[in-house]
Amino acid sequence: MMARPRRSRTGGPSSRDQPTTGREPGDEGAGTGPAGVPAGGVRAAPRHLVSALAGLREPIVVILLIIGFMSWISGKPLDGLLILLVGVSLAWDAGRRSRPARPAEAASGAPPAPVADGPPAPARWRRPALLTAGLAGGVLYAVVVGSFSRYSWPATVAVAGLGAVVVAIGWRGPRHTRPAPPRPPAAGLALWGAVFVAGCLWELWSLLEQPNLATSSYAHPTISTLTDPVLSTWAGRSVVLAGWLGLGWFLVER
Amino acid sequence: MNGHDLTVLGYLAILLAGIVLQLLATRTRAPIPPLGKVIAWAMSTRTRRVGILVAWAWVGLHFFAR
């Protein structure tokens, strides 16, 4: 017992979730390791459940699950289902990666070590060209998708498709290799968090003050209700879509 | 002031608080990070990165998708 080597799990934070199955460290990447499938197929289900539950320690996972649930009960089952699906996947992934060593997390989640800046000479001209093409594509997307009626199937496919692509890109890892940014001061993070939470709570309060979740209220408008006049026009939709695209681009480039 | 005005005022106050924080972060030596640095830090792990991107996708879905 005492002889169990501490690094046998490559320094994992806990050994409490290590069942007495004699698994080797290589088993940690269930479903993603070289073997692909865990050795004990029958035992895999509870292990995945434990991983998913461990992933609930990530606040963003809890936030996603809440958003998904609220979307579902407020008459947007597609939104809700997609977000719940990603939330559960993230919970499982976060829980799985919280058990092995930090290096494993760094390999899959954190940015890799910095590399020398400056693209090779032949690539220098490609960046402006790609930027121009991206901007043109974004404008075209905003104009075309903005021409579709809200909540129509063409708009749904266009927005959901782009969203899925961007999330998939984010799942693969950062697009650029740069040093991991330092953790900002806790007080500053708390202040930003307070503003964010206040916004969410104010929106939630407005939502709950509606006659029901699917009927808007003039007295207690949600942000959706307030933006309805803007989004009722082609130009308004295109401008908002362009802003949404710009925000997505900004996030993907982080 | 009716309920509508109060609700809108609440949104504006929260927006104003964000602007003030950003100004404090960029114009003073207060230990407040600019929003860009907060986001860059938040995007440094897969869980948070994907979570934030899903939240972004949800905004699009919420306003445009059925």
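## Exercises on the contact between chains A and B

The side chains of Asp93(A) and Arg46(B) form a salt bridge, with N to O at 3.0 Å. The model is predicted.

**Exercise 1.** State how many salt bridges and how many polar residue pairs link chain B and chain A.

*Solution.* Begin with the charged side chains: the count between the two chains is one salt bridge. The cut-off is 4 Å from a side-chain nitrogen of Lys or Arg to a carboxyl oxygen of Asp or Glu, and Arg46(B) and Asp93(A) are at 3.0 Å. Next take the polar contacts: 15 residue pairs across the interface qualify, both residues being at pLDDT 80 or more.

**Exercise 2.** Describe which parts of chain B face chain A, and which classes of residue they hold.

*Solution.* Start with the helices. Helix 1 (3-27), helix 2 (35-42) and helix 3 (46-64) of chain B each give at least two residues to the side that touches chain A. Helix 3 of chain B has the largest share, 19 residues. Then sort by class: this side of chain B has 29 nonpolar, 13 polar and five charged residues.

**Exercise 3.** Give the extent of the interface in residues and in buried area.

*Solution.* Count the residues: chain A brings 74 residues to the contact and chain B brings 47. Turn to area: about 5400 Å² is buried between the chains, with 74% of it on carbon and sulfur atoms. Within the area that chain B buries against chain A, Trp56(B), Phe64(B) and Arg66(B) supply 18%, more than any other three residues.

**Exercise 4.** Compare the expected and actual span of helix 1 of chain B, then say what caps and covers this helix.

*Solution.* Helix 1 of chain B has 25 residues, so at 1.5 Å a residue the expected span is 36 Å. Its end C-alpha atoms lie 35 Å apart, which agrees. At the N-terminal end, Asn2(B) acts as a cap, a side-chain oxygen being 3.3 Å from the backbone nitrogen of His4(B). Buried residues of this helix include His4(B), Tyr11(B), Ile14(B) and Leu21(B). Among the elements that cover the buried residues are helix 8 (186-208) and helix 9 (223-231) of chain A.

**Exercise 5.** Decide whether Gly188(A) is buried or exposed, and name residues of chain B that it touches.

*Solution.* Locate the residue: Gly188(A) belongs to helix 8 of chain A. Its relative accessible area is 0%; buried means under 20%, so Gly188(A) is buried. Finally list the contacts: leaving out residues up to four places away in sequence, Gly188(A) touches Pro31(B), Ile32(B) and Pro33(B).

Notes. Residues numbered from 1 in each chain as written. Chains lettered and ligands numbered in written order. Predicted model: local features only at pLDDT ≥ 70, side-chain atom pairs only at ≥ 80, totals over all residues. Heavy atoms only, no water. Contact = heavy atoms within 4.5 Å. Buried area = accessible area lost by both parts, 1.4 Å probe. Polar contact = N/O pair within 3.5 Å; in protein donor to acceptor, adjacent residues only side chain to side chain. Helix = DSSP H or I, 4+ residues; strand = E, 2+ residues; numbered from the N terminus. Nonpolar A, V, L, I, M, F, W, Y, C, P; charged D, E, K, R; others polar. Expected span 1.5 Å × (residues − 1). Buried < 20%, exposed > 50% of the residue type's maximum accessible area, 1.4 Å probe, protein only.
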